[in-house]
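Me: I would like to go through this model with you and ask how each label is earned. Could you set the values against the cut-offs for me?

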Amino acid sequence: MNNKHLSTMLLNEIEDKLKDLYTGSEIIRLTNNYAEEIGKEVTYHVVGYNSKKEILAQNIADLGYEGQIGFFREIQKLTAVKEDEALVAQINDLLPNDNSANQKARDDIDTILSKYPSNVIKTWHDAANFYDQEDYRNSLDSIRLTLELVVREILNNGKSIEHQTKEMGKYLESRGISKEFRNLFFRVLDMYNKIQNDFAKHSTPDGLEVSEIRFLMNQAVIILKFLDECR
């Protein structure tokens, strides 16, 4: 018997917010469509005399534990939900962490960025949340901005990342980084910037596969870790 369940208190709060975002008919459509996709049967198929909260709570309960997880992952992609940052955060808290290694990596970056002004770590959190919602354009924009803000803080200027080569070269040299490794670092950074400019900064990244987007995110994380180790 599967005794797994989502937090009742948090689930109730999320349902209260969702019922205010959608009409009864929209709630019926959302829950019924997803139930059909996963082969589940839900209680309510029409609004009738039932409240939106009653319909939403019962139909979500009918999905079962795994179905509820999938439902909320899909709900996170909806525009009305994505526009409510507090609701997105609550849904993230509700859902189980399926990838402890990924969470540890994110926690490591949190630790590194905690040394910087609060807007830096907020931008990083935006990047991670956008990625989880499959909003890859905004995810790539946010991770790029995170990197740019970190470099500005390190070099104490307001230049864009493309115009930091001279100052960054001097900085790395002052930290004892060899010329060969500095050249390697700048080749990686230049390629990262080029791909970002070509595919993400000026358009939606339709030309990139998810694996390539993940690679770009990981490259930014590697750069952030390297800069932190140089401090």
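What follows is a set of questions and replies about this predicted model.

Me: Let's start with the fold. What makes up the secondary structure of the chain, helices or strands?

Reply: Helices: the chain has 12 of them and zero strands. Read from the N terminus, the order of elements is α-α-α-α-α-α-α-α-α-α-α-α.

Me: How do you know how the chain compares with a compact globule of 231 residues?

Reply: Set the two radii of gyration side by side. The globule rule gives a value near 17 Å for 231 residues, but the chain has 22 Å. The box filled by the C-alpha atoms, taken along the principal axes, is roughly 70 × 35 × 30 Å.

Me: What can you tell me about burial and surface over the whole chain?

Reply: Of the 231 residues, 42% count as buried. The chain exposes about 12,800 Å², and carbon and sulfur atoms supply 50% of that area. As for contacts between residues at least 6 apart in sequence, 60% join residues at least 24 apart.

Me: And the charges: how many are there of each sign, and how far apart are their mean positions?

Reply: There are 29 positive and 38 negative charges, and their mean positions are 8 Å apart.

Me: Now to single helices. How do you know that the length of α12 agrees with what its residues should span?

Reply: Helix α12 covers residues 210–230, which is 21 residues. At 1.5 Å a residue they should span 30 Å, and the end C-alpha atoms are 31 Å apart, so the two values agree.

Me: Does the count work out in a similar way for α9, or what makes its span agree?

Reply: Here the 20 residues 136–155 should span 28 Å, and the end C-alpha atoms are 29 Å apart; therefore the span of α9 agrees with the expected one.

Me: Why is α9 called mostly covered?

Reply: Buried means under 20% relative accessible area. In α9, 14 of the 20 residues are buried, hence the label.

Me: Which residues of α12 are buried?

Reply: Among them are Ile-213, Leu-216, Val-221, Leu-224 and Phe-226. The list also includes Gln-219 and Asp-228.

Me: Why is Asp-228 called buried?

Reply: The relative accessible area of Asp-228 is 17%, and the cut-off is under 20%, so Asp-228 counts as buried. Leaving aside neighbours within four places in sequence, Asp-228 is in contact with Ile-112 and Lys-115. The C-alpha atoms of Asp-228 and Leu-113 are separated by 8.9 Å, although the two residues are 115 apart along the chain.

Me: What makes Gln-219 buried?

Reply: Its relative accessibility is 16%, so Gln-219 falls under the 20% limit. Beyond its neighbours within four places in sequence, Gln-219 touches Val-188 and Tyr-192, in the sense of being in contact with them. Lys-19, 200 residues away along the chain, has its C-alpha atom 40 Å from that of Gln-219.

Me: How do you know that Gln-68 is buried?

Reply: At 9% relative accessibility, Gln-68 is under the 20% cut-off, so it counts as buried. Gln-68 lies in helix α4, residues 64–75. Outside the four places on either side in sequence, its contacts are Leu-6, Ile-60, Ala-61 and Leu-63.

Me: Why is Met-9 called exposed?

Reply: Exposed means over 50%, and Met-9 has 63% relative accessibility, so the label fits. Met-9 lies in helix α1, residues 8–21. In space, Met-9 and Leu-94 are 9.7 Å apart, C-alpha to C-alpha, with their positions 85 residues apart in sequence.

Me: What makes Gly-39 exposed?

Reply: Its relative accessible area of 65% is over 50%, so Gly-39 is exposed. Gly-39 is found in the loop between α2 (24–38) and α3 (52–62). The C-alpha atoms of Gly-39 and Tyr-131 are separated by 28 Å.

Me: Last one: why is the phi of Asn-156 worth a remark?

Reply: Most residues other than glycine have a negative phi. Asn-156 is not a glycine, yet its phi is positive, about 60°. Asn-156 follows α9 and is found in the loop between α9 and α10 (165–174). With a relative accessible area of 69%, over the 50% cut-off, Asn-156 is therefore exposed.

Definitions and conventions:
Residues are numbered from 1 along each chain as its sequence is written. This is a predicted model: local features need pLDDT of at least 70, side-chain atom pairs count only at pLDDT 80 or more; totals for chains, interfaces and linings use all residues. Side-chain values use heavy atoms; hydrogens and water are left out. Helices (H or I, at least four residues) and strands (E, at least two) are DSSP runs, numbered from the N terminus. The radius of gyration is taken over C-alpha atoms; the globule rule is 2.2 Å times the number of residues to the power 0.38. Buried means under 20% relative accessible area, exposed over 50%, partly exposed in between (1.4 Å probe, protein chains only). Contact means heavy atoms within 4.5 Å. Accessible areas come from the Shrake-Rupley method with a 1.4 Å probe; for residues, only the protein chains shown count as cover. Lys and Arg count as positive and Asp and Glu as negative; His and the chain ends are not counted. The place of a charge is taken as NZ of Lys, CZ of Arg, CG of Asp or CD of Glu. The expected span of a helix is 1.5 Å times one less than its number of residues.
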